[in-house]
Amino acid sequence: MSITSISDFAVSRKPFSLTCSQVPEPHPLVCNFTSMTLSMKRLGKCLLASIVMTTTPAMAQLFEGCPSGPIAAKFQEFGRTGEMPSDLGQWLGNVDAQHIEPWSAFDNVDYVGICWVSAWLIRTDAGHVLIDTLYGPFVDQLLENLDTLDVDLADIKYVLMTHGHFDHVGGAATLKSRLPDAQFVMTQAGWDEAARNAAESQIGRRPWDMIQPEIVISDGDTIELGGNTFTAIETPGHTWGTTSYTYDVEDEENTYRAITIGGLGLNAIESPAQLEAYIQSVDKILAEVTAEEMPVQVHLSNHGFSNGLTENYQKLAARQPGDEHVFVNPDALLEQISELRKGAVERLDTELSR
Ligand SMILES: [Zn+2]
(Lines give C-alpha, C1' and ligand atoms only; values in the text may rest on other atoms or scores of the structure.)
Protein backbone atom coordinates (compact mmCIF):
# COMPACT_ATOMS: atom_id res chain seq x y z
CA MET A 1 0.00 0.00 0.00
CA SER A 2 1.27 3.43 -0.78
CA ILE A 3 -0.41 6.52 0.48
CA THR A 4 0.47 9.94 -0.76
CA SER A 5 -1.38 11.81 1.89
CA ILE A 6 1.57 13.36 3.64
CA SER A 7 2.66 14.96 0.44
CA ASP A 8 -0.89 16.08 -0.12
CA PHE A 9 -1.96 17.13 3.28
CA ALA A 10 -0.94 20.71 3.10
CA VAL A 11 -1.26 21.32 -0.57
CA SER A 12 -3.48 24.29 -1.10
CA ARG A 13 -5.78 23.70 -4.02
CA LYS A 14 -8.24 26.43 -3.31
CA PRO A 15 -8.11 29.93 -1.86
CA PHE A 16 -8.12 30.12 1.89
CA SER A 17 -10.31 32.35 3.94
CA LEU A 18 -9.78 30.99 7.43
CA THR A 19 -9.18 33.59 10.08
CA CYS A 20 -7.25 33.20 13.26
CA SER A 21 -10.01 34.67 15.38
CA GLN A 22 -10.71 31.44 17.19
CA VAL A 23 -7.03 30.91 17.84
CA PRO A 24 -5.76 33.71 20.02
CA GLU A 25 -2.18 32.59 20.29
CA PRO A 26 -0.85 30.83 17.24
CA HIS A 27 1.93 28.43 17.87
CA PRO A 28 4.11 26.62 15.36
CA LEU A 29 3.81 23.21 16.95
CA VAL A 30 3.47 21.10 13.87
CA CYS A 31 5.70 21.23 10.82
CA ASN A 32 5.39 24.88 9.88
CA PHE A 33 2.72 25.43 7.34
CA THR A 34 4.47 28.34 5.80
CA SER A 35 3.87 28.73 2.11
CA MET A 36 4.44 31.13 -0.66
CA THR A 37 1.85 33.61 0.41
CA LEU A 38 1.32 35.47 3.61
CA SER A 39 -2.21 34.19 3.87
CA MET A 40 -0.96 30.65 3.74
CA LYS A 41 1.54 31.44 6.43
CA ARG A 42 -1.16 32.82 8.67
CA LEU A 43 -3.32 29.87 7.90
CA GLY A 44 -0.53 27.54 8.92
CA LYS A 45 -0.17 29.16 12.28
CA CYS A 46 -3.90 28.86 12.82
CA LEU A 47 -3.78 25.20 12.02
CA LEU A 48 -0.83 24.61 14.26
CA ALA A 49 -2.46 26.43 17.09
CA SER A 50 -5.63 24.43 16.65
CA ILE A 51 -3.64 21.27 17.20
CA VAL A 52 -2.26 22.59 20.44
CA MET A 53 -5.49 23.95 21.75
CA THR A 54 -7.71 21.01 21.18
CA THR A 55 -5.90 18.31 23.09
CA THR A 56 -8.56 16.93 25.35
CA PRO A 57 -7.61 13.43 26.47
CA ALA A 58 -11.13 12.61 27.59
CA MET A 59 -12.56 13.01 24.08
CA ALA A 60 -13.62 9.91 22.19
CA GLN A 61 -10.76 8.74 20.07
CA LEU A 62 -10.90 9.49 16.39
CA PHE A 63 -9.43 6.18 15.29
CA GLU A 64 -9.59 2.66 16.57
CA GLY A 65 -5.93 1.76 16.83
CA CYS A 66 -3.58 3.39 14.35
CA PRO A 67 -5.02 2.68 10.89
CA SER A 68 -2.92 4.13 8.09
CA GLY A 69 -5.66 4.62 5.50
CA PRO A 70 -8.15 6.55 7.67
CA ILE A 71 -5.36 8.67 9.16
CA ALA A 72 -4.09 9.45 5.68
CA ALA A 73 -7.62 10.32 4.60
CA LYS A 74 -7.96 12.76 7.50
CA PHE A 75 -4.72 14.43 6.52
CA GLN A 76 -5.98 14.60 2.95
CA GLU A 77 -9.09 16.35 4.22
CA PHE A 78 -6.81 18.77 6.01
CA GLY A 79 -4.90 19.39 2.80
CA ARG A 80 -8.01 19.73 0.69
CA THR A 81 -9.82 22.18 2.93
CA GLY A 82 -6.87 23.92 4.48
CA GLU A 83 -8.65 23.59 7.79
CA MET A 84 -7.48 21.28 10.53
CA PRO A 85 -10.36 18.94 11.30
CA SER A 86 -10.96 19.47 15.01
CA ASP A 87 -11.02 15.76 15.69
CA LEU A 88 -7.66 15.35 13.96
CA GLY A 89 -6.19 18.15 16.04
CA GLN A 90 -7.45 16.52 19.22
CA TRP A 91 -6.14 13.16 18.18
CA LEU A 92 -2.63 14.44 17.34
CA GLY A 93 -2.22 15.73 20.86
CA ASN A 94 -3.84 12.83 22.68
CA VAL A 95 -1.18 10.89 24.54
CA ASP A 96 -3.38 7.84 24.98
CA ALA A 97 -4.53 7.75 21.38
CA GLN A 98 -0.96 8.11 20.15
CA HIS A 99 0.36 5.31 22.30
CA ILE A 100 1.97 2.37 20.50
CA GLU A 101 3.63 -0.51 22.30
CA PRO A 102 7.17 -0.96 21.00
CA TRP A 103 7.59 -3.80 18.55
CA SER A 104 10.34 -5.45 16.57
CA ALA A 105 10.40 -4.77 12.82
CA PHE A 106 13.63 -6.66 12.17
CA ASP A 107 16.01 -8.67 14.32
CA ASN A 108 18.00 -5.47 14.90
CA VAL A 109 15.22 -2.87 14.64
CA ASP A 110 12.51 -1.81 17.05
CA TYR A 111 9.71 0.69 16.58
CA VAL A 112 9.68 3.03 19.57
CA GLY A 113 7.57 5.86 18.19
CA ILE A 114 3.95 6.93 18.54
CA CYS A 115 1.13 6.53 16.05
CA TRP A 116 1.59 9.60 13.88
CA VAL A 117 5.34 10.05 14.05
CA SER A 118 8.10 7.47 14.23
CA ALA A 119 11.21 6.79 16.23
CA TRP A 120 13.31 3.79 15.26
CA LEU A 121 15.93 2.00 17.31
CA ILE A 122 18.61 0.12 15.38
CA ARG A 123 20.64 -2.15 17.60
CA THR A 124 24.22 -3.29 17.14
CA ASP A 125 26.66 -5.18 19.34
CA ALA A 126 28.56 -1.94 19.87
CA GLY A 127 25.55 0.13 20.88
CA HIS A 128 22.41 1.46 19.32
CA VAL A 129 21.22 4.22 17.03
CA LEU A 130 17.99 6.12 17.49
CA ILE A 131 16.35 7.83 14.54
CA ASP A 132 14.41 10.97 15.56
CA THR A 133 13.40 12.12 19.00
CA LEU A 134 9.61 12.61 19.11
CA TYR A 135 8.63 15.72 21.10
CA GLY A 136 6.89 17.18 24.12
CA PRO A 137 4.97 14.65 26.19
CA PHE A 138 5.74 11.90 23.73
CA VAL A 139 9.40 11.79 24.75
CA ASP A 140 8.24 10.13 27.96
CA GLN A 141 6.56 7.52 25.81
CA LEU A 142 9.78 7.00 23.89
CA LEU A 143 11.77 6.54 27.09
CA GLU A 144 9.11 4.17 28.42
CA ASN A 145 9.32 2.16 25.21
CA LEU A 146 13.09 1.89 25.53
CA ASP A 147 12.64 0.76 29.11
CA THR A 148 10.07 -1.84 28.03
CA LEU A 149 12.67 -3.17 25.60
CA ASP A 150 15.31 -3.26 28.36
CA VAL A 151 17.48 -0.84 26.45
CA ASP A 152 20.26 0.62 28.57
CA LEU A 153 20.12 4.31 27.71
CA ALA A 154 23.91 4.44 27.89
CA ASP A 155 24.01 2.02 24.96
CA ILE A 156 22.48 4.58 22.60
CA LYS A 157 25.50 6.03 20.83
CA TYR A 158 23.92 8.17 18.12
CA VAL A 159 20.67 9.97 17.56
CA LEU A 160 20.20 10.57 13.86
CA MET A 161 17.74 13.37 13.18
CA THR A 162 15.94 13.74 9.88
CA HIS A 163 15.08 17.45 9.86
CA GLY A 164 14.43 20.44 12.03
CA HIS A 165 10.70 20.22 12.62
CA PHE A 166 9.61 19.83 16.20
CA ASP A 167 8.01 16.41 15.76
CA HIS A 168 11.39 14.91 14.83
CA VAL A 169 13.83 16.94 16.96
CA GLY A 170 11.67 18.48 19.69
CA GLY A 171 12.72 15.75 22.10
CA ALA A 172 16.45 16.26 21.62
CA ALA A 173 16.86 18.53 24.64
CA THR A 174 15.18 16.04 26.96
CA LEU A 175 16.99 13.06 25.48
CA LYS A 176 20.32 14.88 25.72
CA SER A 177 20.04 14.77 29.48
CA ARG A 178 18.89 11.13 29.50
CA LEU A 179 21.25 9.50 27.00
CA PRO A 180 24.70 9.90 28.56
CA ASP A 181 26.75 8.53 25.66
CA ALA A 182 24.71 9.63 22.67
CA GLN A 183 25.90 12.05 20.05
CA PHE A 184 23.22 13.91 18.13
CA VAL A 185 23.57 14.03 14.37
CA MET A 186 22.05 16.24 11.68
CA THR A 187 23.12 18.26 8.66
CA GLN A 188 24.11 21.89 9.11
CA ALA A 189 20.91 22.98 7.38
CA GLY A 190 18.96 20.69 9.70
CA TRP A 191 20.61 22.12 12.80
CA ASP A 192 20.00 25.64 11.51
CA GLU A 193 16.31 25.11 10.80
CA ALA A 194 15.81 23.35 14.13
CA ALA A 195 17.39 26.26 15.99
CA ARG A 196 15.24 28.69 14.04
CA ASN A 197 12.03 26.77 14.68
CA ALA A 198 12.81 26.37 18.38
CA ALA A 199 13.50 30.10 18.66
CA GLU A 200 10.22 30.93 16.92
CA SER A 201 8.37 28.61 19.28
CA GLN A 202 9.42 30.66 22.30
CA ILE A 203 6.71 33.24 21.74
CA GLY A 204 3.99 30.61 21.66
CA ARG A 205 2.18 28.50 24.20
CA ARG A 206 4.33 25.41 23.71
CA PRO A 207 7.93 26.51 23.46
CA TRP A 208 10.57 23.89 22.87
CA ASP A 209 14.33 24.09 23.08
CA MET A 210 16.92 22.77 20.70
CA ILE A 211 20.34 21.55 21.69
CA GLN A 212 23.53 22.96 20.23
CA PRO A 213 24.85 21.15 17.15
CA GLU A 214 26.96 18.12 17.89
CA ILE A 215 27.83 16.04 14.83
CA VAL A 216 27.25 17.84 11.55
CA ILE A 217 26.79 15.26 8.82
CA SER A 218 26.89 15.84 5.08
CA ASP A 219 25.70 14.02 2.02
CA GLY A 220 27.39 10.63 1.69
CA ASP A 221 28.93 10.69 5.16
CA THR A 222 28.74 7.44 7.06
CA ILE A 223 28.63 6.44 10.68
CA GLU A 224 29.95 2.98 11.45
CA LEU A 225 28.71 1.20 14.53
CA GLY A 226 28.90 -2.48 15.38
CA GLY A 227 29.23 -3.57 11.76
CA ASN A 228 26.33 -1.45 10.52
CA THR A 229 26.90 1.52 8.24
CA PHE A 230 24.54 4.45 8.52
CA THR A 231 24.75 6.66 5.45
CA ALA A 232 23.37 10.17 5.30
CA ILE A 233 21.69 11.20 2.07
CA GLU A 234 20.80 14.84 1.93
CA THR A 235 17.28 15.02 0.53
CA PRO A 236 16.18 18.66 0.72
CA GLY A 237 12.57 19.30 -0.17
CA HIS A 238 10.25 18.74 2.77
CA THR A 239 12.63 21.22 4.41
CA TRP A 240 15.98 22.42 3.15
CA GLY A 241 17.70 20.50 5.91
CA THR A 242 15.96 17.18 5.36
CA THR A 243 18.24 14.15 5.38
CA SER A 244 17.45 10.49 4.80
CA TYR A 245 19.45 7.66 6.30
CA THR A 246 20.20 4.19 4.99
CA TYR A 247 21.34 1.27 7.13
CA ASP A 248 21.28 -2.50 7.31
CA VAL A 249 18.38 -4.46 8.76
CA GLU A 250 18.59 -8.13 9.65
CA ASP A 251 16.02 -10.85 9.18
CA GLU A 252 17.50 -14.14 10.37
CA GLU A 253 20.33 -14.87 7.94
CA ASN A 254 19.33 -12.13 5.51
CA THR A 255 20.55 -8.54 5.48
CA TYR A 256 18.69 -5.81 3.64
CA ARG A 257 19.37 -2.14 3.10
CA ALA A 258 16.69 0.09 4.62
CA ILE A 259 15.96 3.78 4.33
CA THR A 260 14.23 6.26 6.55
CA ILE A 261 13.22 9.01 4.17
CA GLY A 262 13.81 12.23 6.05
CA GLY A 263 10.70 14.11 5.01
CA LEU A 264 7.69 13.30 2.90
CA GLY A 265 5.25 16.18 3.02
CA LEU A 266 4.99 19.31 0.94
CA ASN A 267 3.57 21.18 3.89
CA ALA A 268 6.60 23.39 4.52
CA ILE A 269 7.25 24.33 0.91
CA GLU A 270 8.05 28.00 0.49
CA SER A 271 9.22 28.32 -3.10
CA PRO A 272 9.29 26.57 -6.47
CA ALA A 273 13.02 26.06 -5.92
CA GLN A 274 12.20 23.96 -2.88
CA LEU A 275 9.84 21.83 -4.96
CA GLU A 276 12.56 21.36 -7.56
CA ALA A 277 14.90 20.27 -4.79
CA TYR A 278 12.23 17.87 -3.54
CA ILE A 279 11.91 16.27 -6.97
CA GLN A 280 15.70 15.92 -7.26
CA SER A 281 15.78 14.34 -3.82
CA VAL A 282 13.09 11.84 -4.76
CA ASP A 283 15.21 10.90 -7.77
CA LYS A 284 18.20 10.49 -5.50
CA ILE A 285 16.22 8.09 -3.33
CA LEU A 286 15.05 6.26 -6.44
CA ALA A 287 18.71 5.72 -7.37
CA GLU A 288 19.23 4.04 -3.99
CA VAL A 289 16.29 1.72 -4.59
CA THR A 290 17.42 0.77 -8.07
CA ALA A 291 21.13 0.49 -7.25
CA GLU A 292 22.84 -2.68 -8.46
CA GLU A 293 24.72 -3.16 -5.24
CA MET A 294 22.76 -3.40 -1.99
CA PRO A 295 19.67 -1.64 -3.29
CA VAL A 296 17.37 -0.20 -0.67
CA GLN A 297 14.43 -2.58 -0.27
CA VAL A 298 12.87 -1.44 2.98
CA HIS A 299 11.30 1.88 3.95
CA LEU A 300 11.03 2.46 7.67
CA SER A 301 9.07 5.69 7.44
CA ASN A 302 9.24 8.60 9.84
CA HIS A 303 5.46 8.93 9.47
CA GLY A 304 4.18 5.36 9.45
CA PHE A 305 0.76 6.09 8.01
CA SER A 306 2.50 7.11 4.78
CA ASN A 307 3.13 3.50 3.86
CA GLY A 308 0.94 1.24 5.95
CA LEU A 309 3.13 0.73 8.99
CA THR A 310 0.37 -0.54 11.26
CA GLU A 311 -1.00 -2.95 8.70
CA ASN A 312 2.46 -4.24 7.87
CA TYR A 313 3.14 -4.70 11.55
CA GLN A 314 -0.03 -6.80 11.81
CA LYS A 315 1.04 -8.90 8.84
CA LEU A 316 4.47 -9.33 10.36
CA ALA A 317 2.93 -10.46 13.64
CA ALA A 318 0.99 -13.12 11.72
CA ARG A 319 4.02 -14.24 9.72
CA GLN A 320 4.49 -17.96 9.35
CA PRO A 321 7.84 -19.75 8.97
CA GLY A 322 9.02 -19.41 5.40
CA ASP A 323 6.92 -16.31 4.68
CA GLU A 324 8.61 -13.31 3.13
CA HIS A 325 9.26 -10.35 5.40
CA VAL A 326 6.44 -7.90 4.67
CA PHE A 327 8.70 -4.87 5.10
CA VAL A 328 11.05 -6.06 2.36
CA ASN A 329 9.00 -4.64 -0.47
CA PRO A 330 10.90 -2.66 -3.08
CA ASP A 331 7.84 -2.50 -5.34
CA ALA A 332 5.83 -0.72 -2.66
CA LEU A 333 8.74 1.63 -2.08
CA LEU A 334 9.00 2.38 -5.80
CA GLU A 335 5.28 3.08 -5.89
CA GLN A 336 5.53 5.40 -2.92
CA ILE A 337 8.47 7.24 -4.46
CA SER A 338 6.56 7.59 -7.70
CA GLU A 339 3.56 9.04 -5.86
CA LEU A 340 5.73 11.44 -3.90
CA ARG A 341 7.32 12.64 -7.13
CA LYS A 342 3.96 13.01 -8.82
CA GLY A 343 2.62 15.11 -5.95
CA ALA A 344 5.63 17.41 -6.06
CA VAL A 345 5.48 17.80 -9.84
CA GLU A 346 1.77 18.66 -9.64
CA ARG A 347 2.39 21.17 -6.91
CA LEU A 348 5.24 22.72 -8.87
CA ASP A 349 3.02 23.02 -11.95
CA THR A 350 0.37 24.71 -9.83
CA GLU A 351 2.82 27.14 -8.29
CA LEU A 352 4.45 28.01 -11.59
CA SER A 353 1.13 28.64 -13.29
CA ARG A 354 0.03 31.25 -10.76
ZN1 LIG B 1 8.52 17.99 9.01
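Two residues are taken to be in contact if their C-beta atoms, placed from the backbone, lie within 7 Å. On that criterion, and in what is a predicted model, Leu160 touches Val129, Ile131, Val185, Phe230 and Tyr245, residues up to four places away in sequence not being counted.

Leu160 also belongs to the largest nonpolar core, a set of 80 residues in which Val109, Trp120, Val159, Leu160, Met161 and Val185 have the most contacts. Helix H10 (residues 272–289) gives the most to this core, contributing five residues, and at least three residues come from each of domain 1 (5–92) and domain 2 (100–352). In soluble globular proteins, nonpolar side chains tend to be buried together.

Two helices can be set against the span expected at 1.5 Å a residue.

| Helix | Residues | Expected span | End C-alpha distance |
|---|---|---|---|
| H3 | 14 residues (68–81) | 20 Å | 20 Å |
| H12 | 23 residues (330–352) | 33 Å | 32 Å |

In H3, the buried residues are Ser68, Ile71, Ala72, Lys74, Phe75, Phe78 and Gly79; seen down the helix axis they fall within an arc of 155°, so they line one face of H3. Just after this helix, Gly82 takes a positive phi of about 75°. The buried residues of H12 include Leu333, Ile337 and Leu340, as well as the polar or charged Gln336, Glu339 and Arg347.

Outside the helices, His303 lies in the loop between strand E12 (296–299) and helix H11 (309–317). His303 is buried, because 27 other C-beta atoms lie within 10 Å, and its C-alpha atom is separated by 5.6 Å from that of Ser118, although the two residues are 185 residues apart along the chain.

Notes
Residues numbered from 1 in each chain as written. Predicted model: local features only at pLDDT ≥ 70, side-chain atom pairs only at ≥ 80, totals over all residues. Helix = DSSP H or I, 4+ residues; strand = E, 2+ residues; numbered from the N terminus. Expected span 1.5 Å × (residues − 1). Buried ≥ 20, exposed ≤ 12 C-beta atoms within 10 Å, placed from the backbone. Arc of directions from axis to C-beta. Core = buried A, V, L, I, M, F, W, Y, C linked by C-beta atoms within 7 Å. Domains from an automatic or database assignment.
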